[in-house]
Amino acid sequence: MSSRMLSETVRRHLQMYLVLGSVNCLAEPGWVVQQALAGGATMVQFREKGRGALTGAPRLELARRLQDQCRRVGVPFIVNDDVELALELDADGVHIGQDDESAASVRERIGNRMLGVSAHTIEEARRAILQGADYLGVGPIYPTISKDDANAVQGPIILHELRKAGMDVPIVGIGGITVDRVEEVVRAGADGVAVISAVTQAEQIRTAVEEMKKKVVLSIKSPGVSQKL
Ligand SMILES: Cc1ncc(COP(=O)(O)OP(=O)(O)O)c(N)n1
Ligand SMILES: Cc1nc(C(=O)O)sc1CCOP(=O)(O)O
Ligand SMILES: [Mg+2]
C-alpha cells in the first residue's frame, strides 16, 4: 500500500482479522490461511512466536508464502513485532505492543504502511494515536489460551470506555473471541475481531471465518450503545 489509508478502509480490514503463527495451527499454516481467505478473512497478521516457533530461514520462507497467498486475493499482510522482517518482505504493515519499539519510531521506519498498536487503557490509546497508529488492538477482551503474557482480562467494557472517551480510531478487539462473542464485542465499540484459536483450532476453518465475519457485519449494521452515543 503506497499511501496512508483512510480510516474507513482500515476499519473494513479489521472486520475479520486472522492472527497466526505455525505454533497456533493444527493444520499446515498455508492451508489454514487458504481456508481463512476463502471464508473472507479481511486481514492476516504473521505472529510467529512462542514455544516451538520457527526462526531464521524457515520463518522467512513461511512469512513469504503466507504473504504471497494474501497478495493474490488483495488481503493486507501485517507482521507482528518485527519491523526488519516487515521491511524485508515489503509487508502492508506492522503490529506492535506496549513492550515493543515505540510507535513513533516504528512509524518513522515504515512510512505509510499500516501501523497497529496494542492499547489497554485510554492513556495508551491516546499516545498510540498521537504517535501515528492507524488502528488499535484492544484486549484481552476475554481469557485467552494463545498469549502467555497477556494482560488482565478487560471485558468488552473497555471498548465502550474508549468510544465514550471520544476515540474514533479504528479498533479491533482481541483475546478469547469466539463466534458467540462477536456480537458483544462489536456492539461494545469494536470495528472487528482479531482471532487466533477460534480459527486456527476450528475443525472447519472456512466456515468459522464465514460465521464470524457475518456476525461482525450484522452487528455493525445494528450498532450497540457505544456507537449511538
Ligand atoms: C490485532 C492485535 N492486537 C493485539 C496484539 C498483541 O500485541 P502485543 O501486545 O505486542 O503482544 P504480542 O502479540 O506481540 O505477543 C496483536 N498481536 N494483534
Ligand atoms: C495476540 C494476542 N494479543 C492479545 C492482547 O490482549 O493484546 S490476546 C492475544 C491472543 C489472541 O488469541 P485468541 O484469539 O486465541 O484468544
Ligand atoms: Mg508485540
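Trainee: With 17 C-beta neighbours inside 10 Å, how does Asp100 count?

Mentor: Asp100 counts as partly exposed, because 17 C-beta atoms lie inside 10 Å, and a buried residue needs 20 or more, an exposed one 12 or fewer. Bear in mind that the model is predicted. In the chain, Asp100 sits in the loop between strand E4 (93–96) and helix H5 (103–110).

Trainee: Which residue does UniProt list with Asp100 for "binding site"?

Mentor: The unreviewed UniProt entry lists Asp81 and Asp100 under that name. They are spread over 20 residues of sequence but cluster in space, with a largest C-alpha distance of 6.7 Å. Asp81 belongs to the loop between strand E3 (77–80) and helix H4 (83–89). With 19 other C-beta atoms within 10 Å, Asp81 is partly exposed. Beyond its neighbours within four places in sequence, Asp81 is in contact with Ile96 and Asp100.

Trainee: What is notable about phi of Asp81?

Mentor: Phi of Asp81 is positive, about 70°, although the residue is not a glycine. Asp90 is another case: its phi is near 55°, again positive in a residue other than glycine. Asp90 is found in the loop between H4 and E4. Asp90 is exposed, since 10 other C-beta atoms lie within 10 Å.

Trainee: Which peptide bond is cis?

Mentor: For a cis bond, look at omega. The bond from Gly139 to Pro140 is cis, with omega near -5°. Pro140 lies in the loop between strand E6 (135–138) and helix H7 (157–164). Gly139 appears again around a ligand: it is one of the closest of the 19 residues that surround ligand 2, with Thr144, Ser146, Ile196 and Ser197.

Trainee: How many residues of each class does the shell around ligand 2 have?

Mentor: It has nine nonpolar, nine polar and one charged. Set that beside the shell around ligand 1, with six nonpolar, eight polar and four charged residues.

Trainee: Which residues come nearest to ligand 1?

Mentor: Of the 18 residues around ligand 1, they are Gly97, Ser118, Gly137, Ile174 and Ala194. To place a shell in the fold, ask which elements supply it. Here strand E1 (16–20), E4, strand E5 (114–119) and strand E7 (171–174) each supply at least two residues.

Trainee: Where is Ser118, and which residues is it in contact with?

Mentor: Ser118 is in strand E5. Leaving aside neighbours within four places in sequence, Ser118 is in contact with Gly97, Gln98 and Gly137. Gly97 and Gly137 are among the residues nearest to ligand 1. Ser118 is buried, because 21 other C-beta atoms lie within 10 Å of its own.

Trainee: Where is Gly116, and is it buried or exposed?

Mentor: Gly116 is found in strand E5, and it counts as buried because it has 29 C-beta neighbours inside 10 Å. Not counting residues up to four places away in sequence, Gly116 touches Ile78, Gly93, His95, Ala133, Asp134, Tyr135 and Gly137. Gly116 and Ala53 are 63 residues apart in sequence, and their C-alpha atoms are 22 Å apart.

Trainee: For "binding site", which other residues does UniProt list?

Mentor: The unreviewed entry lists Gln45, Phe46, Arg47, Glu48, Lys49, Asn80, Ser118 and Lys147. Take Glu48, in the loop between strand E2 (43–46) and helix H3 (56–72). Glu48 counts as buried because 24 C-beta neighbours lie inside 10 Å. Apart from neighbours within four places in sequence, its contacts are Gly21, Ser22, Ala53, Leu54, Arg59 and Leu62.

Trainee: In the largest nonpolar core, which residues touch the most other members?

Mentor: In that core of 64 residues, they are Val44, Leu136, Val193 and Val195. Beyond four places in sequence, Val44 touches Leu18, Val33, Leu66, Cys70, Val75, Phe77 and Ile78.

Trainee: What does the radius of gyration say about the chain?

Mentor: A radius of gyration is read against what a compact globule would have. With 229 residues that would be near 17 Å, and the chain has 16 Å, which agrees. The C-alpha trace spans about 50 × 40 × 30 Å along its principal axes, and 46% of the residues count as buried. The secondary structure comes to eleven helices and eight strands. Of contacts between residues at least 6 apart in sequence, 64% join residues at least 24 apart.

Terms used:
Residues are numbered from 1 along each chain as its sequence is written. Chains are lettered from A and ligands numbered from 1 in the order in which they are written. This is a predicted model: local features need pLDDT of at least 70, side-chain atom pairs count only at pLDDT 80 or more; totals for chains, interfaces and linings use all residues. Helices (H or I, at least four residues) and strands (E, at least two) are DSSP runs, numbered from the N terminus. The radius of gyration is taken over C-alpha atoms; the globule rule is 2.2 Å times the number of residues to the power 0.38. Two residues are in contact if their C-beta atoms, placed from the backbone, lie within 7 Å. UniProt positions are given in the numbering used here, feature names are shortened, and annotations may be inferred rather than shown by experiment. A residue is near a molecule or strand if its C-beta atom, placed from the backbone, lies within 6 Å of it. Ala, Val, Leu, Ile, Met, Phe, Trp, Tyr, Cys and Pro count as nonpolar, Asp, Glu, Lys and Arg as charged, and the others, Gly among them, as polar. A nonpolar core is a set of buried Ala, Val, Leu, Ile, Met, Phe, Trp, Tyr and Cys residues joined through C-beta atoms within 7 Å.
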